[in-house]
Amino acid sequence: MKSLLFGLIQGLTEFLPISSSGHLNILNRLVPIDASIFSYIILLHLATLCAVLVFFWKKIIILLSQRTFLLRLFFITLITGVIGLLIKHFLKENMEHKYVVTICLLINAIILFTAKMAAGKRTVTNLSWRDCTLLGFVQGIAVLPGISRSGITIVTALRRGFIAQEAFDISFIMSIPAILGAFLLEAREIRSMPISGIQIAIGSISAFIVGLITLFIVRKVLIAKKFQLFGYYCLFLSIVSIVL
């Protein structure tokens with residue numbers, strides 16, 4: 001049941017712009033979770049990565065044939081890695097501090113509220129090096145618990161003048177190397193996990209299925225120009241975090 005629960009949480013919060021790390025932090029304060037479960041969540045990232053690959057497979061095939069886009073994707077990932085590692089290095093133990101999470105959830109809500117003011121006509125073929133620098137930077141910032149990777153990157157793309165559908169595509173396609181890289185960095189923690197193959201299978205399957213469903217929901221809400229509604233939820237969650 002615990003494997004199923006965490007699979008559902010991972011699949012749901014990884015793609016919705018409400019911060020999966022923020023939810024896990026609050027859950028850990030309500031129901032203390034041992035270190036092995038956090039390693040288990042890292043493993044579940046592979047399941048949600050598979051959901052992204054399945055959902056965007058046509059777009060990925062098209063973009064893989066474009067050398068210019070691949071160079072830009074590499075550049076985005078490089079900046080993300082540098083910023084993410086710098087934040088982890090300087091914050092260290094404070095990364096999971098309850099006040100840091102609360103403030104980040106509040107910031108995330110504000111970011112999502114600005115989505116309503118953003119609109120444009122640009123497509124992924126117009127992706128500039130300046131766009132890549134900014135997207136890589138904000139994706140790196142999303143290492144902070146409470147800041148949603150999908151939320152901050154989609155809103156940034158919208159503010160840069162990209163069409164909603166294109167902002168959605170850019171955000172999740174650029175997450176592929178980032179999620180894979182984060183998994184590889186933390187992979188050593190997985191070796192010591194005292195869990196069975198059944199637990200891994202249940203969590204991974206639930207994370208994959210819910211992840212796919214969530215991607216459809218995010219796209220629909222974004223195109224309907226109601227993305228800022230997630231901001232109210234993050235505002236509520238920051239209040240819950242303060243109360244706890």
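**Exercise 1. Decide whether Phe 56 is buried or exposed, and describe the ring pair that Phe 56 forms with Phe 168.**

Step 1. Phe 56 has a relative accessible area of 4% and is therefore buried, where buried means under 20% relative accessible area, exposed over 50% and partly exposed in between, with a 1.4 Å probe and protein chains only. This is a predicted model, in which local features need pLDDT of at least 70 and side-chain atom pairs count only at pLDDT 80 or more, while totals for chains, interfaces and linings use all residues. Residues are numbered from 1 along each chain as its sequence is written, and side-chain values use heavy atoms, with hydrogens and water left out.

Step 2. The partner, Phe 168, is likewise buried, with a relative accessible area of 1%.

Step 3. A pair of aromatic rings is described by the distance of the centres and the angle of the planes. The structure holds 10 aromatic pairs, counted for rings of Phe, Tyr and Trp (its six-membered ring) whose centres lie within 6.5 Å. For Phe 56 and Phe 168 the centres are 5.4 Å apart and the planes stand at 40 degrees, so the pair is tilted; planes under 30 degrees apart would count as stacked, and over 60 as edge-to-face.

Step 4. Because Phe 56 lies in the loop between helix H3 (35-55) and helix H4 (57-64), and Phe 168 in helix H9 (residues 164-173), the pair ties together parts that are 112 residues apart in sequence. Helices here are DSSP runs (H or I, at least four residues), as strands are (E, at least two), and they are numbered from the N terminus.

Step 5. Both rings belong to one aromatic cluster, formed by Phe 15, Phe 55, Phe 56, Phe 168, Phe 172 and Phe 216.

**Exercise 2. Work out how H1 and H11 are arranged, and which residues make their contact.**

Step 1. The two helices pack at an angle of about 30 degrees, with their axes 7 Å apart; the axes are lines fitted to C-alpha atoms over the stretch in contact, and angles run from 0 to 180 degrees between N-to-C directions.

Step 2. This angle makes H1 roughly parallel to H11, since angles under 35 degrees count as roughly parallel, over 145 as roughly antiparallel, 65 to 115 as roughly perpendicular and the rest as oblique.

Step 3. From H1 the contact takes Ser 3, Leu 4, Gly 7, Leu 8, Gln 10, Gly 11 and Leu 12, and from H11 it takes Gln 199, Ile 202, Gly 203, Ser 206, Ala 207, Val 210, Gly 211 and Thr 214, contact meaning heavy atoms within 4.5 Å.

**Exercise 3. Set out what is known of the backbone and surroundings of Ser 19 and Lys 225.**

Step 1. Ser 19 is not a glycine, although its phi is positive, at about 70 degrees. The residue sits in the loop between helix H1 (2-13) and helix H2 (20-30), and Ser 19 is buried, with a relative accessible area of 2%.

Step 2. Lys 225, also a residue other than glycine, has a positive phi near 60 degrees. Lys 225 is found in the loop between helix H11 (197-223) and helix H12 (229-243), and with 66% relative accessibility Lys 225 counts as exposed.

**Exercise 4. State how many helices and strands the protein has, and what share of its residues is buried.**

Step 1. The protein has 12 helices and 0 strands.

Step 2. Of its 244 residues, 49% count as buried.
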